[in-house]
Amino acid sequence: FAEGRAVASSNDFALRADRLPPGQFGLFLASQQRGFAPMTGGSGTLCLGGAIGRFNGAGQIQASSTEGTLDLDVDLTAVPQPASFAAVQPGETWVFQLWHRDVVAPVGATSQFTGVAAVRFE
């Protein structure tokens, strides 16, 4: 789910979600806290808590590939937070999760969450 070096100063980090429905839009979420909030009106569980940032800037909301993957290069100097951006610091643990559109029979279009990736940065 997380790729690259977990070294904050290297700023070489990417997120990848797989086993997604092909061609469906999604956006990654980030927090420094875990949580548990079952989705109402959708499927899955939001596993982040506290201040949750959304990677919804230009080019960050994407459609999954025909193979069902979605990748995002993360700028560790500007991880989104609700009102601003945060720079990842050594020793911090960040938790990432993808929120994506899904199509589930017989329900139809809904939204879903992937599992989480908790990453401790050096």
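A polar contact, in the sense used on this tour, is a pair of N or O atoms within 3.5 Å, where one atom must be able to donate a hydrogen and the other to accept it. Keep that cut-off at hand for the stop at Q97, and bear in mind throughout that the model on screen is a predicted one.

**The whole chain**

Begin with everything selected and coloured by secondary structure, which shows 12 strands and zero helices, so that the order of elements from the N terminus on reads β-β-β-β-β-β-β-β-β-β-β-β. Aligned along the principal axes, the C-alpha atoms occupy a box of roughly 45 × 30 × 20 Å. The radius of gyration is 14 Å, which agrees with the value near 14 Å that a compact globule of 122 residues would have.

If you now switch to a surface, the accessible area comes to about 6500 Å², and carbon and sulfur atoms contribute 51% of that area. Of the 122 residues in the chain, 38% are buried. A contact map is also worth drawing here: among contacts with a separation of 6 or more, 63% are between residues 24 or more positions apart.

**Q97 and two backbone oxygens**

Select Q97, which belongs to strand 11, residues 93–104, and show its side chain together with the backbone of T45 and T114. The side chain of Q97 comes to 3.1 Å from the backbone oxygen of T45, a distance that falls within the 3.5 Å cut-off for a polar contact. A polar atom of the Q97 side chain also lies 2.7 Å from the backbone oxygen of T114. Is Q97 buried or exposed? With a relative accessible area of 0%, Q97 is buried, and its side chain reaches the T45 oxygen from that covered position.

**Strand 2 against strand 8**

Move next to strand 2, residues 13–17, and strand 8, residues 70–74, and display both backbones. The two strands run antiparallel and are joined by five bridges, and F13 can be picked out standing opposite V74 of strand 8. Strand 2 is mostly covered, since four of its five residues are buried. While you look at the side chains here, recall that in a regular strand they alternate between the two faces of the sheet.

**The salt bridges**

How many salt bridges does the chain hold? The count comes to two, and both can be found from where you are, one involving R16 and the other D18. Side chains of opposite charge can pair when their charged atoms come close.

For one of them, select D71 and R16, whose closest N and O atoms are 2.5 Å apart. This pair links distant parts of the chain, with D71 in strand 8 and R16 in strand 2, 55 residues apart. D71 is partly exposed at a relative accessible area of 33%, and R16 is likewise partly exposed, at 32%.

For the other, select D18 and R19, whose side chains meet at 3.9 Å, N to O; this lies within the 4 Å that the salt-bridge criterion allows. D18 is partly exposed at 42% relative accessibility, whereas R19, at 79%, is exposed.

**Two residues with positive phi**

Stay on R19 and read its backbone torsions. R19 sits in the loop between strand 2 and strand 3, the latter covering residues 25–31, and its phi is near 60 degrees, a positive value in a residue other than glycine. Most residues other than glycine have a negative phi.

Then select N11, in the loop between strand 1 (2–4) and strand 2. N11 is not a glycine either, yet its phi is positive, at about 50 degrees. N11 is partly exposed, with a relative accessible area of 32%.

**P80 in strand 9**

For the last stop, select P80 in strand 9, which spans residues 79–80. Which residues does P80 touch, leaving aside those up to four places away in sequence? They are G53, R54, F55 and F85, and a view centred on P80 with those neighbours shown as sticks will display the set. The C-alpha atoms of P80 and G53 are separated by 4.7 Å, although the two residues are 27 residues apart along the chain. At a relative accessible area of 6%, P80 is buried, because a residue counts as buried when that value is under 20%.

Terms used. Residues numbered from 1 in each chain as written. Predicted model: local features only at pLDDT ≥ 70, side-chain atom pairs only at ≥ 80, totals over all residues. Heavy atoms only, no water. Buried < 20%, exposed > 50% of the residue type's maximum accessible area, 1.4 Å probe, protein only. Pairing = 2+ DSSP bridges. Rg over C-alpha atoms; globule rule 2.2 N^0.38 Å. Contact = heavy atoms within 4.5 Å. Areas by Shrake-Rupley, 256 points an atom, 1.4 Å probe, with all protein chains shown as cover.
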